[in-house]
Amino acid sequence: MSKVPAILAPTEQDIQQLLAAQAHIGNQVEGIANMEIRMQPYVWKRRNDGVHLINIGKTWEKLVLAARIIAAIENPADVVVISARPYGQRAALKFAQYTGAQAIAGRFTPGTFTNYITKTFREPRLVIVTDPRTDHQAVEESSYVNVPVIALCDTDSPLRYIDVAIPTNNKSKHSIGLIYWLLAREVLRLRGSIARTAPWSVMVDMFFYRDPVEEAQKEADAAEAEAVFPAVTYGEANDWAAEDTAATPAEWGETAAQDGEWGATEGNNWGDSVANTNA
């Protein structure tokens, strides 16, 4: 499927994850599927509904190429990953965390790469963007300072000033998170930080976008369920064992003495009563 060395070839699980995340589904806006003419080599076919399907083999080839370029940078901090799209901000931050790169999540300040007076001025050796259209300011400034750009490109993404295009669905939060997770894993494998034969301990869910409204709703539901069904800690409430041990067998006789002899007739000794009866 992909023209990469056998050691870098994708596993069946990798392909299944790409398909499950819909990384092969091209862009479609209001029922109209557009395609950039320079993205045509990465398109496998067009469905009857007009949606273009991306070749997963091409996606993996470009992903491995991008990982080899990133691993070739001596200082990981010279790599800047950018995402103005909300769906890619968490993935960009996680990628930067595990690979040592710098992340710019949110609005890109104009002049970050060209105006050294700004507080956010940076001089990267490599730039990674989530969407060439949304992150066009960073792509354009990178061309001014001759910095190569790696981009996640959909079927309608412009390829101007893009050096390495990773064809994938850059509109889905699962697709973006999975691509960044695979890219970070491949970079760490090439650096020798993790073994290629063992699975990566970091779950792909960590790279997925999380809606603050949904998270707040989940917390509210959990709090409501806790209020309806409170958690009972056995051993603290209703410690019946401690209450039962409060009265020992030695104290039973004292209790009986205080309440009166249960087997004796009031005012008489039971032994005398028995003697009188026998007489």
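1. **Contacts along the chain.** In this predicted model, take the contacts in the protein with a separation of 6 or more: residues 24 or more positions apart account for 59% of them.

2. **Secondary structure and burial.** The protein has seven strands and nine helices. Of its 279 residues, 38% are buried.

3. **Surface.** About 16,600 Å² of the protein is exposed. Carbon and sulfur atoms supply 52% of that area.

4. **Salt bridges.** How many salt bridges does the structure hold? There are six. Three of them are taken up below, one by one.

5. **Aspartate 156 and arginine 133.** These two residues form a salt bridge, and their closest N and O atoms are 3.9 Å apart. The cut-off for a salt bridge is 4 Å, so a pair at 3.9 Å counts. Where do the partners sit? Aspartate 156 is in the loop between β6 (149-153) and β7 (164-167). Arginine 133 is in the loop between β5 (126-129) and α4 (136-144). The pair therefore ties together parts that are 23 residues apart in sequence. Buried or exposed? Aspartate 156 is buried, with a relative accessible area of 12%. Arginine 133 is partly exposed, at 43%.

6. **Aspartate 154 and lysine 171.** A salt bridge joins these side chains as well, at 3.5 Å from N to O. Aspartate 154 lies in the loop between β6 and β7. Lysine 171 lies in the loop between β7 and α5 (173-191). Parts that are 17 residues apart in sequence are therefore tied together by this pair. Aspartate 154 has 0% relative accessibility, so it counts as buried. Lysine 171 is partly exposed, with a relative accessible area of 27%.

7. **A network.** Which residues are linked in a network of salt bridges? They are Arg133, Asp154, Asp156 and Lys171. Both pairs from the two points above belong to this network. Look at the loop between β6 and β7: Asp156 lies there, and so does Asp154.

8. **Glutamate 186 and arginine 196.** This salt bridge has its closest N and O atoms 3.1 Å apart. Glutamate 186 is in helix α5, and arginine 196 is in the loop between α5 and α6 (212-228). The pair links distant parts of the chain, 10 residues apart. Glutamate 186 is buried, with a relative accessible area of 1%. Arginine 196 is at 25% relative accessibility. Why is arginine 196 partly exposed? Buried means under 20% and exposed means over 50%, so a residue at 25% falls in between.

Definitions and conventions: Residues are numbered from 1 along each chain as its sequence is written. This is a predicted model: local features need pLDDT of at least 70, side-chain atom pairs count only at pLDDT 80 or more; totals for chains, interfaces and linings use all residues. Side-chain values use heavy atoms; hydrogens and water are left out. Helices (H or I, at least four residues) and strands (E, at least two) are DSSP runs, numbered from the N terminus. Buried means under 20% relative accessible area, exposed over 50%, partly exposed in between (1.4 Å probe, protein chains only). Contact means heavy atoms within 4.5 Å. Accessible areas come from the Shrake-Rupley method with a 1.4 Å probe; for residues, only the protein chains shown count as cover.
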